[in-house]
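Here are a few notes to read alongside the model. Have the sequence open next to the 3D view as you go.

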Amino acid sequence: MPLFSHQKLRSLLQQHLVRVNTAPEIAQKVADNLVEASLKGHDSHGVTLLPRYIRAILAGDLKPNAQLRTVRDGAAVISFDGDHGFGQLLGEQAMAAGIARVQAFGVAIVGLSNSHHLGRIGAWAEQVADAGLVSIHFANVAAPSAVLPFEGLRARLGTNPFCVGIPLQGRPPVVLDFATSAIAGNKARIAWNESRPIPEGCAVDANGHPTTDPGVLMREPRGALLPFGGHKGAGLSLICSLLGAALTGGETESHQIPPRAGVINNMLSILFDPARLGAGESYQQELLAQVDWVRHAQEGRDVQIPGEPERRAYTRREQEGISIDDVSWNEFLALDALSQ
């Protein structure tokens, strides 16, 4: 597998995006977001997505220079339509608008529908946490259903991410960010590219039989992913679709969306100033005490707080480089012909 520095990849991705008529400043923002995801260990949401983005642009399913359009605006509540623009741009702009509303009202509810792939939702929680605010995010994937409901036989849910970000005084924030499926769909794609199995308990084949073969998710007849934690993950996935899509003006999985070139997301975000709640200014001490208590007296075990695995991966990959699996790299090499 080829190995690249993050600087090289930022430049390479931007160049490819500019070639398909993406404004240079937007191309750089998208490139940086994808590289940052890879640096943090999430190759599923990182640089290997670029060929799919290019194909989506050429198919008209991703509008590279689309901007946020305000749909409704009422004090602490604001909703946007992304017009299939780059989620890396739209997500940042939507969170910036939410941060401004929190400064005015103490809380903000932000709806974002019809955005192209929002990438790693944790990036938006980190943006909000940098402003000293807490955020909660419910997102859905407007695509063919890929996840079984609990005890179900037919896929009816998406991999629908859930995310929470909580700033800590003098420390990196707590950022909980996960797909509501047992593994993210793109993690199965990476496993398939690398000819390795996915963990047990993550997927079933088209006949409903448990499997560790990621190929059942990539070729017809398709199998399905399982929700994490049985009924808990399935329930949270449904909530992400109801809040993230049905309430924001986006498409839920009930639309029976056909396969498409792009990846369309919808998201509901709740942002608030923690200092305005009952704990007042003392809340930070309580947050730090609880985080420290989780680690206390664990007899040398490596107990990690949400967000720590990403920071560890970032430190390592920034020094060692980012590898790209051979299948994805061949897709990169084919981009020259694809964009001509």
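The points below cover cysteines, a surface patch and one proline.

1. Before anything else, keep in mind that this is a predicted model.

2. Let's start with the cysteines. A disulfide is a covalent bond between the sulfur atoms of two cysteines. To be counted here, the two sulfur atoms have to be within 2.5 Å. By that rule, the count is zero disulfides. Take Cys 163: the nearest cysteine sulfur belongs to Cys 240 and is 10 Å away, so Cys 163 is in no disulfide. Cys 202 isn't in one either, and for Cys 202 the nearest cysteine sulfur, again that of Cys 240, is 18 Å away.

3. Are these two cysteines buried or exposed? Cys 163 has a relative accessible area of 0%, so it counts as buried. Cys 202 comes out at 5% relative accessibility, which makes it buried too.

4. Now look at the surface. Leu 238, Ile 239 and Leu 242 make a nonpolar patch of about 240 Å² there. You'll find Leu 242 in helix H7, which runs over residues 231–246. With 40% relative accessibility, Leu 242 is partly exposed.

5. Last stop: Pro 144. Where does Pro 144 sit? It is in the loop between strand E5 (134–142) and strand E6 (161–168). Its relative accessible area is 35%, so Pro 144 counts as partly exposed. Leaving out residues up to four places away in sequence, Pro 144 touches Ile 257, Pro 258 and Pro 259. Try picking out Asp 130 as well: Asp 130 and Pro 144 are 14 residues apart along the chain, and their C-alpha atoms are separated by 35 Å.

Notes: Residues numbered from 1 in each chain as written. Predicted model: local features only at pLDDT ≥ 70, side-chain atom pairs only at ≥ 80, totals over all residues. Heavy atoms only, no water. Buried < 20%, exposed > 50% of the residue type's maximum accessible area, 1.4 Å probe, protein only. Patch = residues over 30% accessible without salt bridge, like charges linked within 9 Å, V, L, I, M, F, W, Y side chains within 5 Å. Areas by Shrake-Rupley, 256 points an atom, 1.4 Å probe, with all protein chains shown as cover. Salt bridge = Lys/Arg side-chain N within 4 Å of Asp/Glu carboxyl O. Helix = DSSP H or I, 4+ residues; strand = E, 2+ residues; numbered from the N terminus. Contact = heavy atoms within 4.5 Å.
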